[in-house]
Amino acid sequence: MQKRRLGKNGPEVSALGLGTMGMTMAYGAANNDESIATIRRAYELGITHFDTAELYGQGTGTNERLLGTAIKGFRDKIVIATKFGFDLPNMTATHAALDSRPERIRLVVENSLRYLQTDYIDVLYQHRVDPAVPIEDVAGTVKDLISAGKVRFFGMCEAGPATLRRAHAVQPVSVLQTEYSLFERAVERDVLPVTRELGIGFVPYSPLGRGFLTSAVKPAAEYEEADMRRWDNRWQEAHYQANLATVEQLRQLAGSNGLTVAQLALAWLLTQRDDIAPIFGTKNRSRLEENVGAAKAPLSASTLARVEEILPNGGSGSRYPPAHMPSWT
């Protein structure tokens with residue numbers, strides 16, 4: 001697997017990384033043994049970038065514990081990213097409660113170190129910008145954690161240009177993580193130019209449109225109750241049909257290149273910039289192995305042009321309900 005440097009001062013990671021959220025939340029039931037096997041198989045296939053968060057364990061550390069167990073034996077050869085920033089006890093479907101107070105950041109980091117069974121976190125992200133806490137205080141707290149050796153790099157998620165600049169002035173931001181895919185391209189206009197200017201690497205999450213850009217898509221009602229795709233706007237009827245038609249066109253294009261839709265979607269992201277390193281999520285080894293194939297899938301100029309014809313403005317439907325939609329400033 002090729003490696004990429006995330007920004008001027010960020011870590012070197014595999015071109016594709018593995019996100020672990022779906023192993024404990026949001027995408028229905030998962031099997032812990034298969035999840036651990038998937039993480040270990042990812043490392044065997046050259047993935048060195050693994051992404052987790054306090055949120056993914058819903059305050060219990062479940063997701064970080066799973067990752068910590070899986071990476072025993074090669075922890076010093078990989079990059080682990082985790083996140084703080086939510087007030088989990090007060091979160092609801094209609095209220096994204098936030099908490100980036102310095103004392104809360106320090107508590108989350110101590111918990112994460114314990115759950116992950118490690119002495120340091122490679123990339124510590126603010127999961128969402130908290131308007132109640134000055135970003136300078138957040139950046140300063142992370143700076144102190146870096147000085148203490150508990151964190152190596154500062155990352156932000158879903159932050160807008162002005163916030164990035166303010167944080168970067170206190171503690172250099174090494175990585176920005178925001179949703180970016182064939183279905184979601186809003187970052188291209190205002191956000192990516194700023195990350196390039198400041199030398200910040202970019203990690204797209206949900207690069208497969210939460211599963212729509214795969215061969216396993218089905219109507220919302222057919223997913224488990226705990227699966228977010230039951231209520232995801234892109235899966236609701238009018239949007240679902242429009243997106244399904246789009247994916248069929250992508251499937252034909254991918255097939256002409258000897259690829260799956262997922263491989264085409266990931267390969268497309270890798271062509272956008274050499275400091276972009278997407279993280280995809282999966283709970284099983286077969287999907288993992290399919291996705292990893294995208295790292296060796298060169299796309300011709302004509303293929304890239306055809307992608308633009310099919311999806312000039314992204315997919316149909318919003319990526320979050322209004323209460324959870326990040327606000328970029």
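The protein chain carries 11 helices and 10 strands in its secondary structure, and the model that shows them is a predicted one. The chain has 329 residues and a radius of gyration of 19 Å, which agrees with the value near 20 Å that a compact globule of this length would have. The points below take up the chain as a whole, then one helix pair, and then two residues with unusual backbone angles, Q117 and R210, neither of which is a glycine although each has a positive phi.

**Overall dimensions, burial and surface**

- Along the principal axes of the protein chain, the C-alpha trace spans about 50 × 40 × 40 Å.
- Of the 329 residues in the chain, 57% count as buried, while the area that the chain exposes comes to about 13,300 Å², with carbon and sulfur atoms supplying 49% of that area.
- When contacts between residues at least 6 apart in sequence are considered, 75% of them join residues that are at least 24 apart.

**The pairing of helix 3 with helix 4**

- Helix 3, which covers residues 102–116, and helix 4, which covers residues 135–147, have axes that come within 9 Å and cross at roughly 40°, and the crossing of these two helices is right-handed.
- On the side of helix 3 the contact is made by P102, I105, R106 and V109, and on the side of helix 4 it is made by D137, V138, T141 and L145.
- Sorted by character, the residues of this contact divide into five nonpolar, one polar and two charged.

**Q117, in the loop after helix 3**

- Q117 lies in the loop that runs between helix 3 and strand 6, the latter formed by residues 121–126.
- The phi angle of Q117 is positive, at about 60°, although the residue is not a glycine.
- Q117 counts as partly exposed because its relative accessibility is 45%, a value that falls between the 20% limit for buried residues and the 50% limit for exposed ones.

**R210, in the loop before helix 8**

- R210 is placed in the loop between strand 9, residues 201–205, and helix 8, residues 237–256.
- Although R210 is not a glycine, its phi is positive and has a value of about 60°.
- The relative accessible area of R210 is 5%, so this arginine is buried, given that the term applies to residues under 20%.

Terms used. Residues numbered from 1 in each chain as written. Predicted model: local features only at pLDDT ≥ 70, side-chain atom pairs only at ≥ 80, totals over all residues. Heavy atoms only, no water. Axes fitted to C-alpha atoms, helices over the stretch in contact; angles between N-to-C directions. Helix = DSSP H or I, 4+ residues; strand = E, 2+ residues; numbered from the N terminus. Left-handed = near helix turned anticlockwise from the far one by under 90°. Contact = heavy atoms within 4.5 Å. Nonpolar A, V, L, I, M, F, W, Y, C, P; charged D, E, K, R; others polar. Rg over C-alpha atoms; globule rule 2.2 N^0.38 Å. Buried < 20%, exposed > 50% of the residue type's maximum accessible area, 1.4 Å probe, protein only. Areas by Shrake-Rupley, 256 points an atom, 1.4 Å probe, with all protein chains shown as cover.
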